[in-house]
Each structure stands twice: as structure tokens, then as C-alpha cells.
Amino acid sequence: MLTFGLKGPDPWTSFEEWSAILREAGFSWLEIRAPEAPDPGWEEQLRAWRERDGWSYSVHARFFGVNLSSPNPRVRRAAVEVALEDLAFAARIGARRLNLHAGDVNWYDVPPPDHPAHARMMEALNRLRERHQVAAILSIAEIARAARPQGVEVVVENLYKPWELLCSPEEVAVFLGRLEEPVGFTLDTGHAVLAGWPPVAFLRALNGRVRHLHLHWNDGVFDTHEFPDPSIPSVAEVLRTIRERCPQATLLIEIAPGSEDELERFRSWPAQVRELLKAHVA
């Protein structure tokens, strides 16, 4: 049985009247952004929604200005401490999953493929990427060890820019294989498209390692987070492949409804997905 979720509300935004509607429609997970500072009142509200309406939570750890892959020990230590704060937030609200970005190499002057220096500079960038991957493995393993006794599963997400880590199915598979701690994978479909990979390539390469999905769509140029309408052929292909390869994963729309019209679109989505998959089986 597939599990559906969506991006949760920002602190103190209107959600109270929508909570029961979305639960009745078939959503059971909300992904909450980790806050920059503790907010006891917001945490109490999240616990109340979980206890009253039965929501399960994932927490998206902070990543702006945070680099778990820095080879500089002091910088990496600071990034890990931020992630551990986000883990503590996840534990306090009863979240079941913590989503991380592995990091980037901080080298943004990457020439396009048709530039004469592209091959040479990409070779240097990839050597630097290897150093950052080693650091990211240390960081994420430490966070996963801290999360295990708190009942929180750690997942790491694919990114898409040339200077970011985990942009291809092969890179993700190798990275997860080098981790000594059990860490799952979040497939971000929009990021895959921007990286030049069909999202199904990740699903086929990683199978059961895919524990979480950030579902949204774009034009292949900008990360605009468009709604993943099942009528889009590529979205339908992703949904069918999820059912075949990783039916245990959480299908989370990484968008939050912002109006009554948008709410109606979300409300009908789980039924549309089930109907699509039912027709595929038939």
C-alpha cells in the first residue's frame, strides 16, 4: 500500500482546517522544515496535529550555508552540529525521518560542455568531489548513529548542480555503499530532471534504498517545483516504477497548498494515483 505525504506548513500559517481534509483524502505524512531557532509553541502545535490527526513527520534539515561535506574539520564540525540540532527538533516533535543534503564542493565556476577547458576543469572538480564525499560520509554516518536510538531514520537526497554531491544514480549508489551506517535515499524527482537523469533511472538503480520521494516537476532548466500531475506521462512513469521497485517508500509532494483551489488539487491526487496504478495493473 502506497504512503502519501506533502510539504508541511511554515510556522503559524493556516493549516488547522486543512489537516483533517488532507488526512481524509489519503495523505499521512508531512515534511517540516527544521527551524533556525527553537520555537516551543510551534513544536507543541506539531505534536498536537500528530496526536489528534495521526500525521507522521519527516524533517528537512537545514542546508543553506551548511556543508556536511567540507574537508575543513572545523567547518564540517559546525555543519554536523547544525544537523544534530535538527535531529533533536525531529525527536521532540516525534518525527520518523530526517532528510539531509550531502553538500557541495564550493567551486561554482564550471564551464559548459562546449567550452575547450570543460574536460580539464571537470577532471579537477571530480578530484575535489572525492575529497568532499569522504567528508560527507563521515558526517552522515555520525548523524545516523545519533539518530538510531531516537527512532529517527536518516535519508540523503540527490542534488543537481555540477558542484553538488549525489547528482547521478551511480554516484548515489557508490556513496550509500561506502556508508557503514544504514542510511536511506530520498529521490527528488525535480532534481533528477535538472541533473539530466530520468527519475526512473534512480529507482531502477537503487530499488529498496529509496525510502522517501520529493515529488515535483519542472522544465529541466529551473527548480520551479511544479505540481506532479499524474496526467504528465513522465510523472505517470515515475509513479508506476515506484510501485514496481520501492512500494514501501513515502511519496511526498514537495509543495504545500497555498489556496483553496490548490487544496482541491491536492485532495484529489491520492485517488488519481491509485486509479492510474490500478489501470496499469489491469
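This report walks through a few local features of a predicted model.

## A negative patch on the surface

Let's start on the outside. Four residues, E17, E260, D261 and E262, form a negative surface patch. Helix 9, which covers residues 260-281, supplies the largest share of this patch, with three residues.

Take E260 as an example from the group. This residue lies in helix 9, and it counts as exposed because its relative accessibility is 51%, while the cut-off for exposed is over 50%.

## Cysteines without a partner

How many disulfides does the model have? The count comes to zero. To call a pair of cysteines a disulfide, their sulfur atoms have to sit within 2.5 Å.

Now look at C167. The closest cysteine sulfur to its own belongs to C246, and that one is 20 Å away, so the two are too far apart for a bond. Checking from the other end tells the matching story: for C246, the closest cysteine sulfur is the one in C167, at 20 Å, again too far for a bond.

Are these two cysteines buried or exposed? C167 counts as buried, with a relative accessibility of 11%. C246 is buried too, at 0%. The cut-off behind both calls is under 20% relative accessible area.

## A pair separated in sequence

Next, find T241 in helix 8, the helix that runs over residues 233-245. With just 3% relative accessibility, T241 counts as buried.

Try following the chain from T241 to L277: the two are 36 residues apart in sequence. In space, their C-alpha atoms are 9.9 Å apart.

## Two loop residues with positive phi

Here's some background for the last stop. Most residues other than glycine have a negative phi. Which way does phi go at L166, positive or negative? L166 is not a glycine, yet its phi is positive, at about 65°. You'll find L166 in the loop between strand 5 (153-157) and helix 5 (169-178). L166 is also buried, with a relative accessible area of 0%.

N207 is another case to look up. Its phi is positive, about 45°, although N207 is not a glycine either. This residue sits in the loop that links helix 7 (199-206) and strand 7 (210-215). How accessible is N207? At 29% relative accessibility, it counts as partly exposed, because that label covers values between the buried cut-off of under 20% and the exposed cut-off of over 50%.

Methods: Residues numbered from 1 in each chain as written. Predicted model: local features only at pLDDT ≥ 70, side-chain atom pairs only at ≥ 80, totals over all residues. Heavy atoms only, no water. Patch = residues over 30% accessible without salt bridge, like charges linked within 9 Å, V, L, I, M, F, W, Y side chains within 5 Å. Areas by Shrake-Rupley, 256 points an atom, 1.4 Å probe, with all protein chains shown as cover. Salt bridge = Lys/Arg side-chain N within 4 Å of Asp/Glu carboxyl O. Lys, Arg positive; Asp, Glu negative; His and termini not counted. Charge placed at Lys NZ, Arg CZ, Asp CG, Glu CD. Helix = DSSP H or I, 4+ residues; strand = E, 2+ residues; numbered from the N terminus. Buried < 20%, exposed > 50% of the residue type's maximum accessible area, 1.4 Å probe, protein only.
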